[in-house]
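Please open the model in your viewer and keep the sequence panel beside it. The tour goes from the whole chain to a single pair of helices.

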Amino acid sequence: MAEMAVHGSAMEAAGRYDRTRALNAFKFSDTAFYWTTRVSAILVLVLLGGIIVSLIVGAWPAIMEFGSAFLTTQRWAPSADPPVLGALSPLYGTILTSVIAMTIAIPVGIGIAIFLTELCPLWARRPIGMAVELLAGIPSIIYGMWGFFVLGPFLANTVQPFFIDLFAGVPILGSIFGGPPSYLSLFNASLILAIMVLPFITAISRDVFATVPPVLKEAAYGVGCTTWEVVRHVVLPYTRVGVIGGVMLALGRALGETMAVTFIIGNSFRISPSIFAPGTTISAAIASEFAESDGLHQSSLMLLGLLLFVLTFVVLAAARLMLLRLEKKAGK
C-alpha cells in the first residue's frame, strides 16, 4: 500500500509538472505571437513615417522657394533663370484622368459583377471571371505600349473625330470635346486607366455580391420582383460598403499609375479645356524627369510626390469616413 501511495504521489507530481510546462509553453508562444504582430504593426507606421519625412526633407527647398504659389502656377520651366515650377497642370491632369477613368470603370465593373453573379450561365462564369482577373496581372508598361501603338491611333482616327463633330458649336461641350484629334491625350490615358482598374472593381464587387444570403433574393423573387429590382433593392444595399471599398481601392490605383499614363498622355504641362489635348499627371511628370533632375528641379519633383501622397491619403481617408458613416447608419 505504501508503495502504491508513493507511486501515485509521484504520478500526480509528474502530472502537475507536465501541465505547468505545457502552460508555460503556451504562454511563451502566445507572448511571441503578440509581440510579432505588434512589431509588424509598428514597422508599418515606421515605414510610413519614414516615407513622409523623406518626402518633406527632399521637397523642403522647393517649399521654401515657391511656397503656396507652387499650387497655383501652371508653367513648368526648370531651365529658366530663375526656374519657374508649378504643380497646377500635373494636379489637374491627375484629378481629371482619375475622374474620367472612374466614371467609365465603375458602371462597367459593377455591371460585369452583377452579370457574373446574377445572370451569367454557370459554365461561363469561371472563364469570364478569370479573363477579367487576368487584366490585373498585365504589367502597366504593356498597357502603355498597347495604348501608344494600338488604342491611341484608333481613338484619334475614329472616336475623337466623332465626338468633335458631334459637339462642335455646343457651349461647354464643344470646348470639352474640342479638337484636333491626338494620339496622346488626357482621354486616351483615362481610358487606359479605366481598363487597368476594372479588375479591382469587378473582382471585389463579385465577391461581396456572393455574400448576399440567397434567402433574401429568393424572398424578393417570391413577391414578384424582377432581377433589376432584386439587384437594386437587395444586392446593392446589402453590399454597398464592400463595393465602395473596391471603388476606393481602384481610385487609389488610378491616382498613382505611372508607366501606362506616361506612354499615352503626352507629358504636356499645359491646361486645356479639351480632354482630347495632351497633358500630364504627377506620377508621369516624376517618371519622365526625375532621372535628369537636380537641385531645385529635383526638389520640386519631390514636392510633387508629396502632393500625390497627400492627395491619395485625403481621398482614402474620406472614403474610410464615408464607409464608417454607412456602417453606422446601417447599424441604426
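The stops below each begin with a selection.

Before selecting anything, note that this is a predicted model, in which local features need pLDDT of at least 70 and side-chain atom pairs count only at pLDDT 80 or more, while totals for chains, interfaces and linings use all residues. Residues are numbered from 1 along each chain as its sequence is written, and side-chain values use heavy atoms, with hydrogens and water left out.

Colour the protein chain by pLDDT (the predictor's confidence in each residue, from 0 to 100): the mean is 87, and 92% of residues reach 70 or more. Among the elements, helix H1 (residues 2-66) has the lowest mean, 77, and helix H3 (residues 88-119) the highest, 93; helices here are DSSP runs of H or I with at least four residues, numbered from the N terminus.

Next select residues 91-116, one of the spans that the unreviewed UniProt entry lists as "transmembrane region", an annotation that may be inferred rather than shown by experiment. This span is 100% helix, with its end C-alpha atoms 36 Å apart.

Now add helix H4 (residues 122-134), whose axis comes within 10 Å of that of H3 and crosses it at roughly 160 degrees; axes are lines fitted to C-alpha atoms over the stretch in contact, with angles from 0 to 180 degrees between N-to-C directions. The two helices are therefore roughly antiparallel (over 145 degrees).

Finally, show side chains where H3 meets H4 (contact means heavy atoms within 4.5 Å): Phe 115 and Glu 118 are among the H3 residues, and Arg 125 and Val 132 among those of H4.

Terms used:
Parallel < 35°, antiparallel > 145°, perpendicular 65-115°, else oblique.
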